[in-house]
Amino acid sequence: MPGSLIVGGGISGLSTAYYLRKGGAPATIVESRPRLGGVIQTDRVEGCTLEAGPDSFLSAKPAALDLIRELGLADEVIGSNDHLRVTFVRKSGRLVPLPDGLMMMVPTRILPLLATPLLSLGTKVRMGLELLRAPQPHPGDESVADFVREHYGQEAVDYLAEPLLSGIYGGDPTQLSVAAVLPRFVELSRQYGSLTRGVLAARAKSRSNGQPAPLFRTLKAGLGQLVDAVGAAAQPEVIRARAEAIERVPAGFRVRIAGDWLECRALVLACEAHNAGPLATALDPRLGELLAGIPYSSSMTVAVGFDAADFPAPPEGFGFLVPRKERRRMVACTWVGTKFSYRVPPDKIVARCFLGGMEDAGVLAESDDAVAAEVQQELRDIAGVTARPRFIRISRWPRSMAQYTVGHPDRVAEIEARAAAIPGLYFAGNAYQGIGIPDCIRMGKTAAEKIHAQTV
C-alpha cells in the first residue's frame with residue numbers, strides 16, 4: 001500500500017511528490033494523460049523553443065525559483081527582457097502602447113498618462129482625481145470590474161483591466177473576485193483610499209538600491225526542463241489511468257483506478273477541481289459541490305513561426321492585447337524572441353497567439369486549418385504581418401484555468417475547513433490560492449509538509 005497517492009501529474013502533483021521524496025516518503029501519481037507536467041509542455045521546432053502552455057513565472061513569487069535551485073537548475077534561469085517590455089492594446093483598429101508607469105491598471109506617472117491616446121480625457125481626469133479618494137468601507141467581495149470602475153471608470157475596465165486579466169485568466173472581470181485576483185490592491189484601497197497613492201507609497205517603502213528582478217523568469221530550454229527535473233528527482237511510481245472513485249477505509253483511503261482498488265494513508269487531489277469534485281463527493285457531498293462549482297476557462301495557444309527576412313523590421317515590444325470591445329478571436333499575442341532570449345534564433349520570428357477564454361471555448365472545437373487561417377488573418381489585420389508562416393503549432397487546453405469568481409475566498413475557506421475534517425486528505429492546484437506555477441508548487445510543498453507532519 002503506498003503511503004501517499006497523488007491524483008494528478010501536473011506541476012502541483014509533481015511538486016508534492018518531490019517534497020515527499022525529499023522527506024523520505026515516496027509517492028504514487030495517478031495520471032490519465034500520456035505525459036506528466038499538465039499544461040506545461042515545451043516543444044522544439046526549427047530551432048525555436050515553443051511553450052504550448054505557460055512560458056514563465058512571476059519573479060515576485062519565490063516557490064518556483066526555490067525549487068529550481070534545489071534541482072540544480074539555477075544556471076539555466078533567464079529573465080524577461082524588461083528593457084524591451086512594451087505592451088500594446090488594440091483600440092479603434094490600431095495598436096496603442098500601454099503608458100509608462102502603469103502597474104496593472106493603476107497609473108503612477110502623470111505625463112505618460114496625459115499623453116496616451118488609449119484613454120479619453122474624461123478617464124484621465126478621473127484617474128487624476130482618484131488621488132484624492134479617501135478610504136471607504138467595503139464589507140464583502142466584489143468583482144474586479146466593479147472595483148476598477150469605482151476607482152477609474154468604465155474605460156479603465158474596458159481597455160486596461162479586461163484585456164490584462166483576459167490574458168492571464170481567460171476570464172471576465174465582471175465575474176472575477178477582486179479579493180482573490182487583486183488582493184494587494186484591495187488592501188491598498190482600504191488603507192489609502194486611492195489606489196494610485198497606495199501603490200506609490202508601497203513602492204517607496206520597498207525601494208532598494210539593488211538591481212530590480214525581471215518581471216518574469218523561465219528556463220533557457222523551456223519549462224519542460226523543470227517538469228523533467230522534478231520528475232527525475234521525485235521518482236514517483238506513475239499509474240497511467242483515471243481515478244474513478246474514493247472511499248474511506250480504516251487505514252486512510254482507497255481509490256478505484258481502472259476498476260481496481262488501491263489503498264493509501266494520505267491522498268492528495270492535485271487535479272482540476274472539476275475532476276476532484278466528483279471524487280470528493282463520496283467523502284463529503286458539500287465538499288464535492290464546492291469543488292465542482294469552481295468554473296474553468298478553456299484556452300488555445302497558436303505558435304506561428306516566420307522567417308525574419310520576411311519582416312521589414314523586428315516586431316516592437318513584448319506583444320499586444322485585444323480588448324473584448326475590439327476582439328474577433330485573438331485575445332493576445334506575444335513576440336517570443338523579444339520577451340525572452342535563447343528562445344528564437346536570429347533568422348526567425350515567432351508569434352505566440354492566445355485564443356479561447358470563458359466566452360470563446362468553442363474555438364477549441366474548430367479544425368487546425370480554420371484556426372490557422374483565422375490567426376493569420378488577425379495577425380495581418382492587427383499587426384500588419386503579411387509574411388508566409390514557416391510553421392504553425394496549435395495546443396488546446398480544455399477547462400484548464402480556474403476562475404476565481406466573486407466569493408472565491410469564502411469558497412476556498414470552506415473547502416479547506418471541510419478537507420481538514422477528513423484526516424489525510426489534501427488539495428493542490430490552480431483552483432485555490434493562485435493560478436501561477438509558483439502557487440501550484442507552493443501548494444504541493446504545503447501538502448507534502450502536512451503529510452510528513454501527520455506521519456511523525
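Select Ser194 and Thr196 at the N-terminal end of helix α9. Ser194 caps that end of α9, with a side-chain oxygen 3.3 Å from the backbone nitrogen of Thr196. The model on screen is predicted.

Now extend the selection to the whole of α9, residues 195-206. The helix has 12 residues and reaches 16 Å from its first C-alpha to its last, close to the 16 Å expected at 1.5 Å a residue. Which residues of α9 are buried? They are Leu195, Thr196, Gly198, Val199 and Ala202. Colour these five buried residues and look along the axis: they cover an arc of only 165°, which puts them on the same side of α9. Residues three or four places apart in an α-helix point the same way, because there are 3.6 residues a turn. To see what covers the buried residues of α9, show β9 (102-103), β10 (106-107), α5 (144-152) and α8 (183-192), which are among the covering elements.

Keep α5 on screen and add helix α4, residues 121-129. The axes of α4 and α5 come within 8 Å and cross at roughly 85°. An angle from 65 to 115 degrees counts as roughly perpendicular, and α4 and α5 are therefore roughly perpendicular to each other. Show side chains where the two helices meet: Thr123, Arg126 and Met127 belong to α4, while Arg149, Glu150, His151 and Tyr152 belong to α5.

Return to β9 and β10 and select the loop between them, where Met104 lies. Met104 has a positive phi of about 55° although it is not a glycine. Its relative accessibility is 27%, so Met104 counts as partly exposed.

Next, go to the loop between β7 (87-91) and β8 (94-97), and pick Ser92. Ser92 is not a glycine, yet its phi is positive, at about 55°. Is Ser92 buried or exposed? With a relative accessible area of 63%, Ser92 is exposed.

Move on to a second pair of helices, α2 (residues 63-70) and α16. Their axes come within 7 Å and cross at roughly 70°. Helices α2 and α16 are therefore roughly perpendicular to each other. On the α2 side the contact is made by Ala63, Ala64 and Leu67, and on the α16 side by Ile437, Pro438, Ile441 and Arg442.

Stay on α16, which covers residues 437-455, and select His452 within it. What does His452 touch, leaving aside its neighbours within four places in sequence? The contacts of His452 are Tyr19, Leu20, Gly23, Gly24 and Ala25. For a sense of scale, draw a line from the C-alpha of His452 to that of Leu102: these atoms are separated by 43 Å, and the two residues are 350 apart along the chain.

The last stop is Arg343, in the loop between α13 (336-339) and β20 (348-356). Buried means under 20% relative accessible area; at 1% relative accessibility, Arg343 counts as buried. Display the backbone of Leu219 as well, since the distance to look for is 3.0 Å, from the side chain of Arg343 to the backbone oxygen of Leu219. Then show the surroundings of Arg343. Leaving aside neighbours within four places in sequence, Arg343 is in contact with Gly47, Cys48, Thr49, Glu51 and Asp55, with Thr218, Leu219, Lys220 and Gly222, and with Val336.

Terms used: Residues are numbered from 1 along each chain as its sequence is written. This is a predicted model: local features need pLDDT of at least 70, side-chain atom pairs count only at pLDDT 80 or more; totals for chains, interfaces and linings use all residues. Side-chain values use heavy atoms; hydrogens and water are left out. Helices (H or I, at least four residues) and strands (E, at least two) are DSSP runs, numbered from the N terminus. The expected span of a helix is 1.5 Å times one less than its number of residues. Buried means under 20% relative accessible area, exposed over 50%, partly exposed in between (1.4 Å probe, protein chains only). The arc is that of the directions from the helix axis to the C-beta atoms. Contact means heavy atoms within 4.5 Å. A polar contact is a pair of N or O atoms within 3.5 Å; within protein, one must be able to donate a hydrogen and the other to accept it, and residues adjacent in sequence count only if both atoms are side-chain atoms. Axes are lines fitted to C-alpha atoms, for helices over the stretch in contact, and angles run from 0 to 180 degrees between N-to-C directions. Angles under 35 degrees count as roughly parallel, over 145 as roughly antiparallel, 65 to 115 as roughly perpendicular and the rest as oblique.
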